[in-house]
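Hello,

I am passing a structure on to you, with the sequence alongside. Please open it first, and then read on for what I found.

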Amino acid sequence: MKLKWPFVKRRKDLPDFWLDYLSLFKKKKKSEIRNTRFVAFDTETTGFDKKEDRILSIGAVALTGKTISVNDTLEVYLKQEVFKPETVKIHGIIRSGSEEKISEQEAIKVFLDYIKDAVLIAHHASFDKGMINNMLARHGFGKLKNRFIDTGVLYKKSLHIIYKDNTRPYTLDYLCKELNVQPIDRHTATGDALITALVFLKILSRLDKRKHLNWGYLLNR
């Protein structure tokens with residue numbers, strides 16, 4: 001029996017922005033790492049339940065090769081259909097805040113237009129990926145098609161070169177300390193996206209020195 005993705009509303013009138021996004025993946029592209037566009041991103045949410053909780057903000061920063069594109073960033077805030085005051089002390093986003101807030105569908109459009117077919121980078125990527133995919137599903141769209149890199153998994157791989165039995169879960173705060181990355185604007189979507197990008201570059205440098213820098217080693221679907 002074929003399982004259906006939750007929340008999907010069958011739609012015949014798919015918008016152009018979704019069709020344009022899908023068209024980017026019709027042909028497989030082969031490119032070298034130094035010519036590839038990466039996008040590090042993060043979501044701030046009302047909680048950790050991928051089905052019940054909602055995204056409050058999305059932050060992202062682009063990289064080409066090993067260079068962060070400081071003029072190629074994204075920061076959006078979403079209208080709060082679900083509000084949990086107990087989580088405000090973590091992300092600092094309040095319902096009546098001064099940030100300009102947009103609807104979920106508008107956020108989807110802006111996010112997809114920004115990431116295009118880039119390779120996406122996130123720390124503990126399954127959570128952020130799941131939150132985005134559930135948001136897409138609520139509006140009748142499919143899942144993200146982009147390739148993913150999880151900096152937590154990638155860091156473990158860099159250690160596996162030496163310690164093959166390493167199974168410890170690594171937080172972003174731990175990686176900042178270990179890799180000498182300043183945790184500026186921690187627990188904001190844009191701040192965590194930039195931190196994730198810097199952590200990614202530090203790990204790449206480590207792998208490059210050990211000659212383990214290749215697509216098969218980097219990607220985590």
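Below are some notes on two helices, a cavity, a loop and one contact between distant parts of the chain. Please keep in mind that this is a predicted model.

**Helix H3**

A good place to begin is H3, which runs over residues 104–115. With 12 residues at 1.5 Å each, the helix should span 16 Å, and the C-alpha atoms at its ends are indeed 16 Å apart, so the two agree. Which residues of H3 are buried? They are Glu104, Ala107, Ile108, Phe111, Leu112, Tyr114 and Ile115. Looking down the axis of H3, you will find these buried residues within an arc of 160 degrees, so they line one face of the helix. An α-helix has 3.6 residues a turn, so residues three or four places apart point the same way. Just after H3 comes Lys116, with a positive phi near 50 degrees.

**Helix H6**

H6 covers residues 172–179, and its buried residues are Leu172, Leu175, Cys176 and Leu179. Around the axis they take up an arc of only 105 degrees, which places them on the same side of H6. Here too a residue with positive phi follows the helix: Asn180, near 60 degrees.

**The cavity**

How many cavities of 30 Å³ or more does the structure hold? There is one. The largest cavity contains about 60 Å³ of space. It is lined by 10 residues, and those closest to its centre are Arg54, Ile55, Lys79, Glu81 and Glu104. Glu104 is also among the buried residues of H3. By type, the lining is made up of four nonpolar, two polar and four charged residues.

**Asp53 and its loop**

Asp53 sits in the loop that connects strand S1 (37–45) and strand S2 (55–64). Is Asp53 buried or exposed? Its relative accessibility is 2%, under the 20% cut-off, so Asp53 counts as buried. Its side chain has a polar contact of 2.7 Å with the side chain of Thr46. In addition, a polar atom of the Asp53 side chain lies 3.2 Å from the backbone nitrogen of Phe48.

**Lys157 and Leu207**

Finally, have a look at Lys157 in helix H5 (residues 151–160). Lys157 has a relative accessible area of 21%, which makes it partly exposed. Along the sequence, Lys157 and Leu207 are 50 residues apart, while in space their C-alpha atoms are 9.1 Å apart.

Enjoy exploring it!

Best wishes

Technical notes: Residues are numbered from 1 along each chain as its sequence is written. This is a predicted model: local features need pLDDT of at least 70, side-chain atom pairs count only at pLDDT 80 or more; totals for chains, interfaces and linings use all residues. Side-chain values use heavy atoms; hydrogens and water are left out. Helices (H or I, at least four residues) and strands (E, at least two) are DSSP runs, numbered from the N terminus. The expected span of a helix is 1.5 Å times one less than its number of residues. Buried means under 20% relative accessible area, exposed over 50%, partly exposed in between (1.4 Å probe, protein chains only). The arc is that of the directions from the helix axis to the C-beta atoms. On a 1 Å grid over the protein atoms alone, a cavity is a set of points where a 1.4 Å probe fits but cannot get out, and a pocket is an open set with protein on both sides within 12 Å along at least five of seven lines; lining residues have an atom within 4 Å of a point. Grid points are joined across faces, edges and corners, and a volume is the space filled by probe spheres set on the points. Ala, Val, Leu, Ile, Met, Phe, Trp, Tyr, Cys and Pro count as nonpolar, Asp, Glu, Lys and Arg as charged, and the others, Gly among them, as polar. A polar contact is a pair of N or O atoms within 3.5 Å; within protein, one must be able to donate a hydrogen and the other to accept it, and residues adjacent in sequence count only if both atoms are side-chain atoms.
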